Amino acid sequence: MENLIHLENVSKHFKVLNRREGLGGAFLDLFSRNYRTIKAVDELSLDIARGEIVGFLGPNGAGKSTTIKMMTGVLMPTAGSIVINGMNPFSERVKFVARIGVVFGQRTQLWWELPVRESFKLLKEIYRIPDDVYRANLARFEELVNLQELYGQQVRNLSLGQRMLCDIAASFLHDPSIIFLDEPTIGLDVAVKAQIRRLIRALNEDKNTTIILTTHDVGDVEALCRRIVMIDKGKLIYDGTTAAFGKLFGSYRTLRLMCREGEFDTMDALLPSMREKFAISAIDTQDKENHWYDITIDQDHTKLSDVLSWALNTLPVKDVQIQEIKTESVIAKVYAGGK
Amino acid sequence: MNKLGFYCRLYALLFAQYVKTRMQYRFDFFISNLTMIATNLAGMASLWILMHNFPLLAGWKYEQLIFIYSFSLMAQTLLQVCFDHIWQLRYHLNTGTFIKYYFKPINSLFYYLSEMVDLKGIGLFVCGAAAFVWSSVRLGIVWTPMRLLALPVLLAGSSLLIASLLLIAACGCFWVKDSYSILAFINSFRDQSRYPMDIYNTAFKAIFTFILPMGFFAFYPARVFLEDSALGWTAWASPVFGAFFFFIAVRIWEKGTKIWGGTGS
Amino acid sequence: MRAYLMIIANCIKSTFTYRAHILFQILTSALMILVQFFIWRAVFVASPGGIEGAVVRGMSFDQTFLYVSLAAALGVLMRTWTDWDMNGQIRSGDIIMFMFKPADYMKYMFSNSIGFMAGNLISITIPSAIVIFGFFGAPLPGVLNTLFFAFALAGSCTLTFLFDFIIGTTCFWTMSIWGISAGKEVIIAFLSGALIPLGFYPEALRSVMVWLPFPYMYNLPLSILTASKANPLVWAQGIGVQLVWVIVILAASRAYYRYSLRKLTVNGG
């Protein structure tokens, strides 16, 4: 199967002014500009096939948004090539954009002051959607999320969740082959998040639309993405299935120890000796009000049972829990460079 | 041609929608149009007071001055009604909301401008048209078919010229953080364009004809109807200038959108 | 000492970036004055006596243009964008902090306005005034003139603020105050003799206008400043009328503000 999205050695460099220090420096800046180059995206290569739902992850400032902007035709790459749908997004913007959909979490693509129904009618005009396709798609949206209830309301009067549903539906209206979703569930409650994820999944299955999902929400990733791409410092640091991603740190376990009342000092005093005895990944005291100490162990290096028996014998432990590592922590670890 | 038809239809749809929405804010609509009319009545009254004390301004009498003034009002209507969104450009660029204009398969300038319709322009046009009719009757202007044909062409040329110059000034925001003061400066030429170019000395007349062609906002095109004598090149130049600056403005806008990368990374 | 030097250095650094901003603001005012110059020149040149000798309604070209330039400078001085500040606060909701004490809000905005004007005075107005007087070779105003002028100016600034405040309050009612704010500038300028000296207005109109507060905002302080003869009794009278207007408009704007607030909270806006 030919790849729908093909990025080859794509780089984006920005020239940033080096601001000199001090008053004399500011004066000099007026006459001779001194620039340094920032590599926002550094030789990134990526292939995505039709119908895939790919999660784009990465810390803020990592080059994730820059990559998306290059893929959607907003920015021109400094080097490398991008071919999507057989087109160059930047140089063939208008033609390219007719075949994609874009949804931004915070800003709507619809017309703020107009009723939802009118926005959809305008989209029909703009994308030159044939009548039958238009009607069929609307019927499908109505079936999936009862969209008809929102038709008469102005977009500005919708709640965030309702607006998101409308935006997502609108992005599928013209049957694009690729949809870029940027933080679609941000700021929403659990029920609405679930509804949105169902909608995305259903429409992806209906139309085999490729979906690029940029998100910080682990729930989104777990519910929707079969594949994860992670970008940090402008480079691609992970490209694989979500399942494999979870197993990256699969050997890790978190041993939770509840400290007995009033014996924190004893616990704190003894913990260093635990570190001397065993290779401990991390000790977390985030949940200290509830008396929990979280001890993360890499089972490839340390036996959990050894640590547990020592702890029960030496530390003032009242209760014990054993947890698998969460996807969130995996993400955090990868961000921190622990691959 | 098909493309032009597409955009006309689309704009008509959007325009109709916006007018419907804006009309819902009835207080706004009345207050802003009333103020617009009052503002221009004050302007015309100022002219009247001046001419009450002096017979002529550089050889022009009161009714002719009102004719020129009303022409400038009508010429500003396009800018007021259809280009009002340019004043928000710096906000969109600085907050990043501008990025949405890249994502529809329509011209980004068209999309951007179509998002805002200012109904104050109605008051502006009504004022201008009324004063235009009044002064042309008072002056006894004979509207030959030739003149009736020339009027919309000249008006369109001036409208396009004014709108394009302000658009260019607004586009400064693509390169510089805040070009509002440039925009405000160019905007002030709208008010100053109502006076005859004959008041200026040679140097400034040249500046306002060739460098910042304020003379073509109203005076030169209006003069076509006020004088029967040979008119020279200024008579037909405003549509040429209008088209030329519009072309430049569109080019600058496109360059700006290609350069602007959005905020954040 | 080092700390102060650093602060000054930072100020200067930031003015480099604001340089263009100020430049265009100056250009905008300069353009307006330029056009006014040419207009008045054109009418006086065509009058009997020409530009040197013509006297119309008791004013020569020099006197007229001096007046118009000073009026423009006064306009720049008193432009403190209070209406737009209020617009921003109302739109963003910051106004909630002040909502329950209208008198305090007005005092707060007033002191802001005065501070802004003081800044304008030092950085723009006084230098401009010196340039203007120098350009005409006109004698600088006398001590008595300046003293009374100061009082009249205080009254004008207060009245300007109050009108701005009223426009700002209208933000509660309307989506955008663009047209209204610009309109206010033009209408007040027309009714206060800011662009054309009051002497040029026909008698009938003038007799109506003196019953309005507007001439006391521009014409009064300017005529005091440019008067060749000291006339303290007349001036004191004028300032007295100003005071009356300040009280009246103050009461009106306060009432309008409270009314708007009530309407807003009743509608749950």
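**Exercise 1. Work out how many residues of domain 1 of chain A and of domain 2 of chain A are in contact with each other, and describe the side that domain 1 contributes.**

Solution. In this predicted model, 12 residues of domain 1 of chain A are in contact with 7 residues of domain 2 of chain A. The next step is to place the two domains along the chain: the domain assignment gives domain 1 as 5-9 + 42-247 and domain 2 as 249-335, and their C-alpha centres lie 40 Å apart. On the side of domain 1 that touches domain 2, the elements giving two or more residues are α8 (218-224), β8 (227-232), β9 (235-241) and α9 (242-248) of chain A. Sorting the residues of that side by class, one finds 8 nonpolar, 1 polar and 3 charged.

**Exercise 2. Determine whether strand β3 of chain A is enclosed or open to its surroundings, and identify its partner strands.**

Solution. Begin with the burial of the strand, where a residue counts as buried if 20 or more other C-beta atoms lie within 10 Å of its own. By this criterion 5 of the 5 residues of β3(A), residues 53-57, are buried, so the strand is largely enclosed by the rest of the structure. In a regular strand the side chains alternate between the two faces of the sheet. Taking the faces separately, Ile53(A), Gly55(A) and Leu57(A) are buried on one side, while Val54(A) and Phe56(A) are buried on the other, and both faces are thus covered.

Now turn to the pairing. β3(A) pairs in the parallel sense with β7(A), residues 210-214, over 4 bridges, and within this pair Phe56(A) has Thr214(A) as its bridge partner. With β8(A), β3(A) also runs parallel, joined by 4 bridges, and here Leu57(A) stands opposite Met230(A).

**Exercise 3. Characterise the packing of helix α6 of chain A against helix α7 of chain A by angle, by distance and by the residues that meet.**

Solution. Two packed helices are described by the angle between their axes and the distance between the axes. For α6(A), residues 160-172, and α7(A), residues 190-207, the angle is about 10° and the axes are 10 Å apart. That angle makes α6(A) roughly parallel to α7(A), since angles under 35 degrees count as roughly parallel. The residues come next: α6(A) brings Gly161(A), Met164(A), Leu165(A), Ile168(A) and Phe172(A), which meet a set in α7(A) that includes Val192(A), Ile196(A), Leu199(A), Leu203(A) and Lys207(A). By class, the contact has 9 nonpolar, 2 polar and 1 charged residues.

**Exercise 4. Give the strand order and the edge strands of the two antiparallel open sheets of chain A, and state which helix packs on each.**

Solution. One sheet has 4 strands in the order β11-β12-β10-β13, with antiparallel pairing. Its edge strands are β11 (282-284) and β13 (317-324), each of which pairs on one side only, and the twist averages 20° from one strand to the next. Inside this sheet, β10(A), residues 252-259, and β12(A), residues 292-298, pair over 7 bridges, with Leu257(A) standing opposite Tyr293(A). Helix α11(A), residues 304-314, packs on the sheet by touching β10, β12 and β13, and its direction makes about 10° with that of β10(A).

The sheet of 3 strands has the order β2-β1-β4, again with antiparallel pairing. β2 (35-48) and β4 (79-84) each have a single partner strand, so one side of each is left without a neighbour in the sheet; the twist averages 30° from one strand to the next. Between β1(A), residues 5-17, and β2(A) there are 10 bridges, and Leu7(A) has Leu46(A) as its bridge partner. Helix α2(A), residues 64-71, lies across β1, β2 and β4, running at about 65° to β2(A).

**Exercise 5. Summarise the make-up of chain C and then analyse its contact with chain B.**

Solution. Chain C holds 10 helices and 2 strands, which follow the pattern α-α-β-β-α-α-α-α-α-α-α-α along the sequence. Of its 269 residues, 33% are buried. Among contacts in chain C with a separation of 6 or more, 77% are between residues 24 or more positions apart.

The contact with chain B takes 31 residues from chain C and 31 residues from chain B. On the chain C side, α1 (2-45) and α7 (178-191) each supply at least two residues, and α1(C) gives the most, with 12 residues. Divided by class, this side of chain C has 23 nonpolar, 7 polar and 1 charged residues.

Note on methods
Residues are numbered from 1 along each chain as its sequence is written. Chains are lettered from A and ligands numbered from 1 in the order in which they are written. This is a predicted model: local features need pLDDT of at least 70, side-chain atom pairs count only at pLDDT 80 or more; totals for chains, interfaces and linings use all residues. Ala, Val, Leu, Ile, Met, Phe, Trp, Tyr, Cys and Pro count as nonpolar, Asp, Glu, Lys and Arg as charged, and the others, Gly among them, as polar. Domain bounds come from an automatic or database domain assignment. A residue is buried if 20 or more other C-beta atoms lie within 10 Å of its own, exposed if 12 or fewer, and partly exposed in between; C-beta atoms are placed from the backbone. Two strands pair if DSSP finds at least two bridges between them. Axes are lines fitted to C-alpha atoms, for helices over the stretch in contact, and angles run from 0 to 180 degrees between N-to-C directions. Angles under 35 degrees count as roughly parallel, over 145 as roughly antiparallel, 65 to 115 as roughly perpendicular and the rest as oblique.
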